[in-house]
Structures are given as C-alpha cells and as structure tokens.
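Let's take a walk through this one together. Have the viewer open and follow along.

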Amino acid sequence: MIEAAIAWLFSVFAISKIGLTAVFVISFVSATLIPMGSEPAVFAMIRANPELFWLTILVATTGNTLGGMLNYFIGYEAKQTFAKERSSRWFGWLERYGAKTMLLAWLPIIGDPICALGGWLKLPALPCMLYMAIGKFLRYLTMTYLLLKVPEGFWHGISSWLG
C-alpha cells in the first residue's frame with residue numbers, strides 16, 4: 001500500500017513537461033521581488049491536465065504564499081533599510097489595517113513589497129500568511145477560470161503566430 005502511494009505521488013509530481021514541482025517553484029519565485037509571472041505555468045499545467053485543476057491551484061497557492069512569507073521575513077530582518085521610510089503613507093496604511101493588508105499580496109508590483117513591509121512592521125506572521133494565501137488562491141482561481149473561458153482557437157492562433 002505504501003509503495004502504491006509513493007508511486008502515485010511520484011506520478012503526480014512528474015506529470016507533463018512542466019509538472020507540479022515546476023509550478024510550485026515558479027509560483028514561489030514569482031512571489032519574491034524577482035519580476036516573474038506564474039500564471040502561464042499554472043494555466044499550461046491545467047490545460048495539459050484538466051483533472052489536476054484543484055491540485056495545481058493548491059500547489060501554486062502554496063508556492064506563492066511561501067514566497068510571500070520569504071518577503072515577509074526579509075522585511076522582518078531589514079528594519080534598518082526601511083527606517084528612513086517610516087513616515088510614508090504605506091506604513092500608516094499597513095499599521096492601520098494590519099494583517100488584512102496581506103489580502104493584497106497578489107497584486108502586481110506592490111504585492112511583494114507589501115509582504116516585506118508587513119514583516120518589517122512585525123505584523124503577526126500566521127494571520128499574514130493566511131490572508132496572503134486567501135488572496136493568492138482567489139487570484140489563481142480567477143485567472144485560471146478566465147483563461148479557460150478563452151476559445152481554443154485563440155490559443156492555437158497564438159501558438160501558430162509564435163511559431
């Protein structure tokens with residue numbers, strides 16, 4: 001029985017050329033301050049393996065949330081770097097709304113710094129992680145759902161255009 005479970009686990013993480021491991025890594029890296037998007041990998045994985053819709057969304061959400069927490073802990077340790085910015089409106093806004101601001105961690109450009117500033121302000125880590133996960137989960141779910149609604153012919157047209 002354990003052998004079957006291990007075989008299943010290996011088969012799940014080795015699916016297609018992208019694989020869930022790659023989705024996790026790409027989602028993790030894209031949540032850091034490195035400019036990168038994970039939605040194409042998530043969408044490609046789901047397009048290639050529709051039966052893995054929820055598992056792919058869960059893996060991407062987990063990777064992206066952990067990447068956001070990396071930003072949080074970087075900010076937690078980088079207090080001296082941001083000390084001169086203490087009077088900016090971002091800090092007041094984060095202090096006022098607390099961990100709930102991590103719901104916005106999914107936003108392009110400002111989401112990753114929000115995680116770092118939340119750490120700098122030493123907002124409670126667990127609520128921050130939970131709000132990050134909720135926001136990121138909803139982003140992946142919405143983006144993938146909308147992309148799946150685009151007609152198949154459109155994707156074939158893009159594929160042939162790209163060569």
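Start with helix 8, since that's where you'll find L138. Keep in mind that you're looking at a predicted model. How exposed is L138? Its relative accessibility is 45%, and because that falls between the 20% limit for buried and the 50% limit for exposed, L138 counts as partly exposed. This leucine also has company: together with L103 and I134, L138 makes a nonpolar surface patch of about 240 Å².

Now zoom out for the overall fold. The protein has nine helices and zero strands, so if you read along the sequence, the pattern is simply α-α-α-α-α-α-α-α-α. The chain runs to 163 residues, and 36% of them count as buried.

Next, the empty space. Rolling a probe the size of a water molecule over the atoms shows where such space is left. Here, the largest pocket holds about 360 Å³. It's lined by 23 residues, and those closest to the pocket's centre are S30, W106, L107, P108 and R139. Which elements give two or more residues to that lining? They are helix 2 (19–31), helix 7 (111–120) and helix 8 (125–148).

That brings us back to helix 8, which supplies the largest share of the pocket lining, with four residues. As for the chemistry of that lining, twelve of its residues are nonpolar, seven are polar and four are charged. So helix 8 turns up twice on this tour: L138 of the nonpolar patch has its place there, and the largest share of the pocket's lining comes from this helix too.

Key
Residues are numbered from 1 along each chain as its sequence is written. This is a predicted model: local features need pLDDT of at least 70, side-chain atom pairs count only at pLDDT 80 or more; totals for chains, interfaces and linings use all residues. Side-chain values use heavy atoms; hydrogens and water are left out. On a 1 Å grid over the protein atoms alone, a cavity is a set of points where a 1.4 Å probe fits but cannot get out, and a pocket is an open set with protein on both sides within 12 Å along at least five of seven lines; lining residues have an atom within 4 Å of a point. Grid points are joined across faces, edges and corners, and a volume is the space filled by probe spheres set on the points. Ala, Val, Leu, Ile, Met, Phe, Trp, Tyr, Cys and Pro count as nonpolar, Asp, Glu, Lys and Arg as charged, and the others, Gly among them, as polar. Patches are made of residues with over 30% relative accessible area and no salt bridge: like charges are joined within 9 Å, nonpolar side chains (Val, Leu, Ile, Met, Phe, Trp, Tyr) within 5 Å. Accessible areas come from the Shrake-Rupley method with a 1.4 Å probe; for residues, only the protein chains shown count as cover. A salt bridge is a side-chain nitrogen of Lys or Arg within 4 Å of a carboxyl oxygen of Asp or Glu. Buried means under 20% relative accessible area, exposed over 50%, partly exposed in between (1.4 Å probe, protein chains only).
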